[in-house]
Amino acid sequence: MRLINRQPSRALTVFLAMLPFAALLIAYSVASEIRLAANPSDRLLPSLSTIGETAVRLFTEPDKRSGRILLWYDTGVSLLRLFIGVFCASFVGLTVGLLIGLLPHVRAMLGVFVAVISMIPPLAILPILFITFGLGELAKVVLIIIGITPFLIRDVSQRVVDIPHELIVKAQTLGASSLVIALRVALPQIMPRLIQSVRLSLGPAWLFLIAAEAIASDLGLGYRIFLVRRYLAMDVILTYVIWITLLAFLIDWLLRVASRKLYPWAGKGL
Amino acid sequence: MSFVSVDNIFLRYGTFSILERVSLSVEEGEFISIVGASGCGKSTFLRLLLAEEQPTRGEIRIEGREPAVEPGRERGIVFQRYSVFPHMSVRDNIVAAESFDKPLGRLKRGERVAARERAQATLDRIGLGHMGHAYPTALSGGMQQRLAIAQALTARPRILLLDEPFGALDPGTRLQMHDFLTELREETKMTVFMVTHDLQEGFKLGDRVIVFDKPRWDPTDPSAYGATITYDFDARNNGIPFQDILEADHAHPPA
């Protein structure tokens with residue numbers, strides 16, 4: 001039987017899915033073991049149990065100076081920035097993408113412009129953002145917006161263009177105006193795809209968030225990581241990284257579930 | 001004056017001549033089957049009837065009104081695929097035919113209830129009453145086309161255009177669809193244009209069968225001449241006893 005036709009059983013599927021995680025953990029433990037055996041006060045690769053203890057401490061014990069549990073505080077602040085940024089970017093991406101996809105005049109005007117703008121490396125203009133918007137929340141949110149909006153616009157407009165022409169013509173023969181076609185034909189068909197592209201752009205959004213926080217902030221997950229880097233506190237950094245990964249994965253999963261629940265007609269995506 | 005009049009239509013894309021000297025006059029309630037080889041312009045002709053494209057020369061009028069510049073409610077269309085909205089339930093697809101010409105595409109609350117009841121009645125009649133809440137992807141190909149035809153007719157168009165509507169269906173379903181279409185026609189007396197590849201289907205359903213072909217052919221420049229209507233058969237009574245052969249007007253006699 002050919003390899004492409006062999007299907008793993010259910011149990012094997014679960015096992016195969018776990019395998020790379022287990023391999024990573026084992027590889028890390030072994031490396032950590034070797035280093036700690038050579039030097040018990042090594043800080044670079046703390047043992048898994050040390051990371052566990054640190055994690056418990058970070059999640060439960062309040063900061064001595066402020067009395068707040070910093071990890072939760074960082075999480076709240078960072079997620080708020082991320083959500084505001086991603087939400088604004090989605091809104092702009094959806095609106096402009098729909099306009100470009102549906103209206104030939106807007107496409108003629110903005111098509112090339114957006115393609116050019118999307119090539120600007122967002123991090124390269126971070127200093128401009130800090131100078132223009134100050135070091136406060138606005139600059140960080142704007143970096144996320146600037147970072148992912150062009151991608152969303154391009155993706156949404158392409159998906160609008162990809163809507164079968166037959167459907168657009170059909171709507172016209174039912175008397176739909178341009179606005180009705182946008183709201184009742186294009187928008188609902190685009191929504192599951194928008195969620196898909198938002199899921200794809202969450203990775204860059206996190207990147208821009210952490211970059212902005214690392215450079216100028218006094219709270220937030222990215223700020224904390226770059227702060228404790230000075231003390232080589234790898235256990236703290238690793239806890240934060242795992243936490244961020246978990247959050248990102250959770251958001252992605254929630255979006256996927258929401259998309260399936262809200263748009264059952266769209267079929268199974270990724 | 002005839003119901004639909006096509007007056008000396010030409011269509012060119014640059015130097016490519018697609019259609020030339022197409023004239024046709026159709027009475028209200030006639031069923032016109034359009035056949036011809038692939039690429040002979042029969043689907044293009046349908047797009048011109050739909051006003052999705054404009055002819056380079058000549059004009060198409062319905063009931064003598066000004067030629068349309070874009071598709072509208074007076075022309076209904078059913079395509080071979082993508083004819084219903086996949087994001088709406090089967091019932092909402094029918095309701096859409098009533099609501100899409102309202103502002104924002106929505107009916108007022110009172111109207112909506114009535115429209116839903118009418119849609120349900122329509123679905124019951126076309127045998128989809130039990131599928132009202134399903135999405136079109138759950139329907140078979142034949143059911144989807146039935147829904148698409150019902151949706152187009154709900155908007156009460158003046159003419160109904162069918163672009164190979166049964167091309168993707170299996171032969172059994174196709175026969176059922178023929179009966180379905182014949183019944184609907186008897187009820188609505190709709191004027192229908194149907195593009196088809198299937199000659200038998202064209203003659204079975206149509207009152208007239210018109211054939212598109214390229215009567216002139218320049219071997220050194222194949223795109224110089226476009227296609228036109230070369231035959232106009234009377235297809236009632238199985239095409240017997242009488243047919244108009246227009247060949248003499250268009251084709252060069254063999255040398």
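What radius of gyration would a compact globule with 255 residues have, and what is the value for chain B? In this predicted model, chain B has a radius of gyration of 19 Å, which agrees with the value near 18 Å that a compact globule with 255 residues would have. The C-alpha trace of chain B spans about 70 × 40 × 35 Å along its principal axes. Seven helices and ten strands make up the secondary structure elements found in chain B.

Burial and contacts were computed for the same chain. Of the 255 residues of chain B, 53% count as buried. When contacts in chain B between residues at least 6 apart in sequence are considered, 68% join residues at least 24 apart. The area that chain B exposes is about 12400 Å², and carbon and sulfur atoms supply 51% of this area.

Chain B also makes a contact with chain A. The size of an interface is often given as the accessible area lost when the parts come together. Between chain B and chain A, the buried area is about 2200 Å², with carbon and sulfur atoms giving 69% of it. Three residues, B:Y82, B:H87 and B:F100, supply 29% of the area that chain B buries against chain A, more than any other three residues. The contact involves 33 residues from chain B and 22 residues from chain A.

Aromatic side chains were examined next. A pair of aromatic rings is described by the distance of the centres and the angle of the planes. Over all chains, the structure holds eight aromatic pairs. One of them is formed by A:F59 and A:W72, with 5.3 Å centre to centre and 65 degrees between the planes. This pair is edge-to-face because the angle of 65 degrees is over the cut-off of 60. The pair links distant parts of chain A, 13 residues apart: A:F59 is in helix α2 (residues 48–60), and A:W72 is in helix α3 (residues 70–102). A:F59 has a relative accessible area of 22% and is therefore partly exposed. A:W72, with a relative accessible area of 45%, is also partly exposed. Ring pairs link both residues with A:W243 into a cluster.

Arginine side chains lie over aromatic rings in both chains. In chain A, the charged end of A:R68 sits over the ring of A:Y73, at 4.0 Å from the ring centre. In chain B, B:R57 lies over the face of B:F10, and the distance from the ring centre is 4.2 Å.

How values were computed
Residues numbered from 1 in each chain as written. Chains lettered and ligands numbered in written order. Predicted model: local features only at pLDDT ≥ 70, side-chain atom pairs only at ≥ 80, totals over all residues. Heavy atoms only, no water. Phe/Tyr/Trp six-rings, centres within 6.5 Å; stacked < 30°, edge-to-face > 60°. Helix = DSSP H or I, 4+ residues; strand = E, 2+ residues; numbered from the N terminus. Buried < 20%, exposed > 50% of the residue type's maximum accessible area, 1.4 Å probe, protein only. Lys NZ or Arg CZ within 6 Å of the ring centre and 35° of its normal. Rg over C-alpha atoms; globule rule 2.2 N^0.38 Å. Contact = heavy atoms within 4.5 Å. Areas by Shrake-Rupley, 256 points an atom, 1.4 Å probe, with all protein chains shown as cover. Buried area = accessible area lost by both parts, 1.4 Å probe.
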